[in-house]
Structure formats: C-alpha cells, structure tokens
Amino acid sequence: MILAFQVCGALVAVALLGLFVFGLRRRLIQRPGGTFDCSLRMPPSGADEPSGKGWAYGVARYSGDRIEWFRVFSYAPRPRRVLERSAIEVLHRRAPEGQEELALLSDAVILVCEHRGTRLELAMSDDALTGFLAWLEAAPPGQRVNVA
C-alpha cells in the first residue's frame, strides 16, 4: 500500500515537473519580446482544398531579419522553423474554411506564403497579421519585399 502511494506521488511529481518545464520554455521564448501566437501548416503539394489537418500550434518570435517559429507542445529549445524576411513571399490571405475553423484559434486569418520555394500557411490574429506585414515591408533598403 505504501509503495502504491510512493508510485502515485512520483507520477504526480513527474507530471508537475513536465508542466513546469512547458511553462518555463514558453517564458524563455517570450522573454526577448516580439512574439505572437501563430499556427503553421505545410500543405501537401497540389492540395487546393483547405483542410483542418496538418496545423501545428506555435509561437513565432521576431529575431532581426527572421522569424523563429516554435511548437507550443514541445520541449525543444530551438525553433522548429526559421523564416528569413528576404525569402518570404506572401501569395494571398484567406479566412479559415470548414474543418480549419475548428483547428485554429477563433480570430485567425490564414496567410499563404512561399519561403525558398516551399509553400506554407501561417494562421494568426488580425493584430499579429498587421505586425507581420509591417515587419515584412520594413525591410532594409535594397531587399526585395514580396507582399501581395
């Protein structure tokens, strides 16, 4: 009986430690500032129909001339994707459709982009979208800006 209590106590302690590490990681990502909630999806090539599959919830952080994207549900200290400002081409924006409305935050706007020949979709709030587009257009002189 005492062994069962010790095992349960250890499991609870490990679960609490895991939650603490998630919170600490998010805090360290947001510490330098310039972060916003941003879901990311790499749609399969040739997929014209929007679907709720493939979206990953994350946090994006401005870091000089690039955006670092971190998955929320991960312990990795490094960004999962890094997008350089000069390589981002905005193709168009759209509202979530069908199953996407359930997979994304309620006020999300989807930005369809291309980064170094790879198509990707970013879902963010209207405020984050305004900031993202302003950041893209604020490129230093001589850099090309591709905002549709």
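# Cavity, patch and salt bridges

Visitor: How do the residues of the lining of the largest cavity divide into nonpolar, polar and charged?

Guide: This is a predicted model. The lining of the largest cavity is made by Arg25, Arg26, Ile29, Val59, Phe70, Arg71 and Val72. Ile, Val and Phe count as nonpolar and Arg as charged. The lining therefore divides into four nonpolar, no polar and three charged residues.

Visitor: Which element gives the largest share of that lining?

Guide: Two elements give two or more residues to the lining of the largest cavity, α1 (2-30) and β4 (66-71). The largest share, three residues, comes from α1.

Visitor: Is Leu17 buried or exposed?

Guide: Leu17 lies in helix α1 and is one of the residues of a nonpolar surface patch of about 590 Å². Exposed means over 50% relative accessible area. Leu17 has 53%, so the word for Leu17 is exposed.

Visitor: Where in the chain are the partners Glu121 and Arg41?

Guide: Glu121 forms a salt bridge with Arg41, with the closest N and O atoms 2.7 Å apart. The pair links distant parts of the chain, 80 residues apart: Glu121 is in strand β8 (residues 118-124) and Arg41 in strand β2 (residues 39-41).

Visitor: Arg66 forms a salt bridge with Glu68; is Arg66 buried or exposed, or in between?

Guide: The closest N and O atoms of Glu68 and Arg66 are 3.0 Å apart. Glu68 has 6% relative accessibility and so counts as buried. Buried means under 20% and exposed over 50%. Arg66 has a relative accessible area of 35%, so Arg66 is partly exposed.

Definitions and conventions. Residues numbered from 1 in each chain as written. Predicted model: local features only at pLDDT ≥ 70, side-chain atom pairs only at ≥ 80, totals over all residues. Heavy atoms only, no water. 1 Å grid on protein atoms, 1.4 Å probe; cavity = no way out; pocket = protein on both sides within 12 Å on 5 of 7 lines; lining within 4 Å. Helix = DSSP H or I, 4+ residues; strand = E, 2+ residues; numbered from the N terminus. Patch = residues over 30% accessible without salt bridge, like charges linked within 9 Å, V, L, I, M, F, W, Y side chains within 5 Å. Areas by Shrake-Rupley, 256 points an atom, 1.4 Å probe, with all protein chains shown as cover. Salt bridge = Lys/Arg side-chain N within 4 Å of Asp/Glu carboxyl O. Buried < 20%, exposed > 50% of the residue type's maximum accessible area, 1.4 Å probe, protein only.
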